[in-house]
Amino acid sequence: MGNYFISAGIELQQGADRTRAEMELRRLVVETRHEPGCNFFEIRQNLQDPDKFTLWESWSDKDALAAHFEMPHTKAYLAQNLTQVSYIEELSEIGTGEPGER
């Protein structure tokens, strides 16, 4: 099993309903965990600012993550425009990665 790690920050779009976004994010987590190549997928809500969330993801490789964005449930979530990405980080095990290596 390969490991391609991602951390991403997302926040509510202006005017989006937080309760609906929370429900849809929970649904996205459940469906994404069943995808081929998904090792780990979690979304956590910021305690100081509940309009912000952090995604923790581990995929078998970059292709598995790319396939995630082609899944019907991912496209359906994104089409709702509930959240926007504020940052994306590619991560590795400590001491195993150099910038640009992969």
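**Notebook: pockets and a helix pair**

I listed the lining of the second largest pocket and found Glu22, Leu25, Arg26, Val29, Arg33, Glu42, Ile43, Arg44, Gln45 and Phe53. I note that the model is a predicted one. For this second largest pocket I read a volume of about 190 Å³. I then looked up the elements behind the lining: H1 and strand E2 (38-45) each give at least two residues. Sorted by class, I have 5 charged, 4 nonpolar and 1 polar residues in the lining of the second largest pocket.

I turned next to the largest pocket, whose volume is about 350 Å³. I recorded 20 lining residues, with Ile10, Leu55, Phe69, Leu78 and Val85 lying nearest the centre. Two or more residues of this lining come from each of strand E1 (4-12), H1, strand E3 (52-59), helix H2 (62-68), H3 and strand E4 (83-91). I noted that E4 gives the largest share, 4 residues. By class, I entered 14 nonpolar, 5 polar and 1 charged residues for the lining of the largest pocket.

Last, I examined the helix pair H1 (residues 18-32) and H3 (residues 72-79), whose axes come within 10 Å and cross at roughly 165°. Angles over 145 degrees count as roughly antiparallel, and I therefore entered H1 as roughly antiparallel to H3. I recorded the crossing of H1 and H3 as left-handed. On the H1 side, I found Glu24, Leu25, Leu28, Glu31 and Thr32 making the contact, and on the H3 side His73, Thr74 and Tyr77. I classed the residues of this contact between H1 and H3 as 3 nonpolar, 3 polar and 2 charged.

Notes:
Residues are numbered from 1 along each chain as its sequence is written. This is a predicted model: local features need pLDDT of at least 70, side-chain atom pairs count only at pLDDT 80 or more; totals for chains, interfaces and linings use all residues. Side-chain values use heavy atoms; hydrogens and water are left out. Axes are lines fitted to C-alpha atoms, for helices over the stretch in contact, and angles run from 0 to 180 degrees between N-to-C directions. Angles under 35 degrees count as roughly parallel, over 145 as roughly antiparallel, 65 to 115 as roughly perpendicular and the rest as oblique. A crossing is left-handed if the near helix is turned anticlockwise from the far one by less than a right angle, and right-handed if clockwise. Contact means heavy atoms within 4.5 Å. Ala, Val, Leu, Ile, Met, Phe, Trp, Tyr, Cys and Pro count as nonpolar, Asp, Glu, Lys and Arg as charged, and the others, Gly among them, as polar. On a 1 Å grid over the protein atoms alone, a cavity is a set of points where a 1.4 Å probe fits but cannot get out, and a pocket is an open set with protein on both sides within 12 Å along at least five of seven lines; lining residues have an atom within 4 Å of a point. Grid points are joined across faces, edges and corners, and a volume is the space filled by probe spheres set on the points.
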